[in-house]
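Student: I would like a close look at one part of this structure, the salt bridges. Please also show me how they sit in the rest of the chain.

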Amino acid sequence: MFTSTGSSGLYKAPLSKSLLLVPSALSLLLTLLLPHCQRFFVYDLQAVKDDFQIWRLICGRIICLDLKDTFCSSLLIYNFRIFERRYGSRKFASFLLGSWVLSALVEFILVEAVRYSFGIAAARNLPSGFLAPVFALFVPFYCSIPRVQVAQILGPLSITNKTLIYILGLQLFTSGSYIWIVAISGLVSGICYNSNVLRVHQVLCIPSWMAKFFSWTLEPIFASSEPATEARIGMGATVDIQRQQRMELLDRQLMLSQFAQARRQRQQQGGMINWNRLFPPLRQRRNINYQDGRRSEQQASPPLEVSEEQVARLMEMGFSRGDALEALRASNNDLNVATNFLLQH
C-alpha cells in the first residue's frame with residue numbers, strides 16, 4: 001500500500017540485490033562470529049587524517065557495524081531499487097559511486113567545521129556502513145516519484161505511498177549521535193550529482209568496459225528471474241468471485257505484455273506508442289445469471305477524465321504527454337498503477 005516502487009521484487013535490479021545480500025551478510029558475520037575484526041571496519045576520520053590510514057575511507061564506509069543500521073539501510077535500498085530499473089544498472093551504480101565519493105569530502109568538511117565551531121571531536125564517532133549513498137537516494141526519490149495519497153488522518157495530515165520510506169529514513173537518521181553528519185553529506189552529494197554540479201556525471205561514473213565486465217561476471221549471480229504473475233485466491237471465495245478475479249488478472253497481464261511489446265518496438269523504431277491499438281476499449285464483460293441462465297452485456301463506459309496534475313507528475317518523470325494520458329485512462333485514473341506500468345517496462 002505504501003510503496004511506490006512496484007511489486008516485482010528484485011527483478012531487473014541485480015546491483016540492488018548485491019547491495020542487500022553482501023554487506024548484510026558481512027555485517028552479520030562480523031557481529032556474530034568475528035567481533036575481533038570489527039576494528040578494521042571502524043570509520044575513523046581522525047586516523048585517516050593523522051595516521052594516513054586511507055584504507056579506512058573504503059572499509060569504514062561499506063559495512064555497517066550496527067545491525068539496526070543494516071536493517072534500515074537494507075529496507076531503503078530495496079525500496080529504491082526502482083531507480084536501477086528506470087536508469088539501468090550502470091547509471092544507478094554511477095550515482096552510488098558519485099554520491100559515495102562526494103559524501104566523503106563533505107563529511108570531512110562537516111567534521112572539521114564542527115570541531116572548529118563547537119570544539120566537538122566527531123571524527124572518531126561516525127557510523128560505519130554504506131549509509132551516505134542511501135541518504136543520497138532520497139533526492140531523486142523526492143524529485144521524481146509522484147506522491148499519491150493513500151489515507152487521510154487528523155484533518156490535514158495524510159498518509160501517502162511515500163510515508164513509510166520517509167519514516168524509515170527518519171529512523172536511520174536518529175539511530176546514532178553523529179549520523180546526522182553522514183545524512184547531510186549524503187543529501188548534499190545527492191543534490192550535487194542529481195543537478196550535475198561541476199559535471200560530476202562525466203567525472204564520477206562507471207566506465208562502459210567495467211560495466212560490461214561486471215554484467216558478464218556478476219550479473220548472472222545476482223540476477224533474479226521474472227516473478228510469477230499469478231495471484232493467490234482466497235480459499236473462502238465463491239466461484240463467481242474467483243472467476244471475476246481471474247478475469248481481472250488476465251486483463252492486467254494482457255495490458256502489461258502489450259505495453260512491453262509496444263515499448264520495445266518504439267525503442268527500436270522511435271515515435272509514439274499507438275495507444276488506441278494498445279489499449280482498446282475494455283471488453284464487454286458477461287455476467288452469468290445462474291437462476292435463469294440468461295446473459296446480459298454491460299454498456300461501454302465513456303472515456304475517463306484525466307487530471308492534468310497527474311499528467312504533469314508523470315511528465316516530470318520523463319514520460320511523454322501521450323503516454324501519460326493513455327496510461328492513466330488504461331488504469332482507470334490510478335496514478336500509482338499508471339506509474340508502475342510506465343516504469344516497470
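**Salt bridges and their surroundings**

Tutor: The structure, which is a predicted model, holds 7 salt bridges. One of them joins arginine 61 to glutamate 107, with 3.5 Å between the closest N and O atoms. Arginine 61 is in the loop between helix 3 (56–59) and helix 4 (67–79), while glutamate 107 is in helix 6, so this pair ties together parts that lie 46 residues apart in sequence. Both partners are charged residues, so look at how much of each is covered: arginine 61 counts as buried because its relative accessibility is 3%, and the limit for buried is under 20%. Glutamate 107 is buried as well, at 1% relative accessibility.

A second bridge stays inside one helix. Arginine 115 pairs with glutamate 112, and their closest N and O atoms are 2.9 Å apart. Both residues lie in helix 6, with their positions 3 residues apart in the numbering, which is about one turn of the helix. Arginine 115 is partly exposed, with a relative accessibility of 32%, whereas glutamate 112 is buried at 13%.

A third bridge repeats this spacing elsewhere. The side chains of arginine 329 and glutamate 326 meet at 2.6 Å, N to O. These two residues lie in helix 17 (residues 321–330), again 3 residues apart, about one turn of the helix. Arginine 329 counts as partly exposed, at 33% relative accessibility. Salt bridges can also share partners: Lys49, Glu112 and Arg115 are joined in this way into one network.

Now the surroundings. The chain has 18 helices and 4 strands. Of its 345 residues, 39% are buried. Among contacts between residues at least 6 apart in sequence, 71% join residues at least 24 apart.

Helix 6 holds glutamate 112 and arginine 115, and it also has a part in the nonpolar interior. The largest nonpolar core has 47 residues, and the members that touch the most others are Leu76, Phe80, Phe83, Leu172 and Leu314. Helix 6 (residues 89–118) gives this core its largest share, 5 residues. Apart from this core lies another, of 7 residues, which include Leu45, Val111, Leu126 and Ile181. As a general point, nonpolar side chains in soluble globular proteins tend to be buried together.

Two of the leucines and one phenylalanine show what packing looks like here. Beyond its neighbours within four places in sequence, phenylalanine 80 is in contact with Phe92, Val134, Leu137, Phe138, Phe141 and Ile165. Leucine 335 is in helix 18 (residues 335–344) and is buried, with a relative accessible area of 4%. Not counting residues up to four places away in sequence, leucine 335 touches Pro146, Val148, Gln310, Arg313, Leu314 and Leu328. One of these contacts, leucine 314, is 21 residues from leucine 335 in sequence, and their C-alpha atoms are 8.4 Å apart.

Some nonpolar side chains are at the surface instead. Leu21, Val22, Leu26, Leu28, Leu29, Leu32, Leu33 and Leu67 make a nonpolar surface patch of about 700 Å². Helix 1 (residues 14–32) supplies the largest share of this patch, 6 residues. Leucine 21 lies in helix 1 and is partly exposed, at 46% relative accessibility. Over the chain, the exposed area is about 20200 Å², and carbon and sulfur atoms supply 61% of it.

Salt bridges should not be confused with disulfides. A disulfide is a covalent bond between the sulfur atoms of two cysteines. A search of the whole structure finds 0 disulfides. Take cysteine 64: the closest cysteine sulfur, in cysteine 72, is 9.6 Å from its own sulfur, which is too far for a bond. Cysteine 64 is buried, at 6% relative accessibility, whereas cysteine 205 is partly exposed, at 29%.

To return to your request: the bridge from arginine 61 to glutamate 107 links parts 46 residues apart in sequence, whereas arginine 115 and glutamate 112 lie about one turn apart in helix 6, and arginine 329 and glutamate 326 lie about one turn apart in helix 17.

Definitions and conventions. Residues numbered from 1 in each chain as written. Predicted model: local features only at pLDDT ≥ 70, side-chain atom pairs only at ≥ 80, totals over all residues. Heavy atoms only, no water. Core = buried A, V, L, I, M, F, W, Y, C linked by side-chain atoms within 4.5 Å. Buried < 20%, exposed > 50% of the residue type's maximum accessible area, 1.4 Å probe, protein only. Contact = heavy atoms within 4.5 Å. Patch = residues over 30% accessible without salt bridge, like charges linked within 9 Å, V, L, I, M, F, W, Y side chains within 5 Å. Areas by Shrake-Rupley, 256 points an atom, 1.4 Å probe, with all protein chains shown as cover. Salt bridge = Lys/Arg side-chain N within 4 Å of Asp/Glu carboxyl O. Disulfide = S-S within 2.5 Å.
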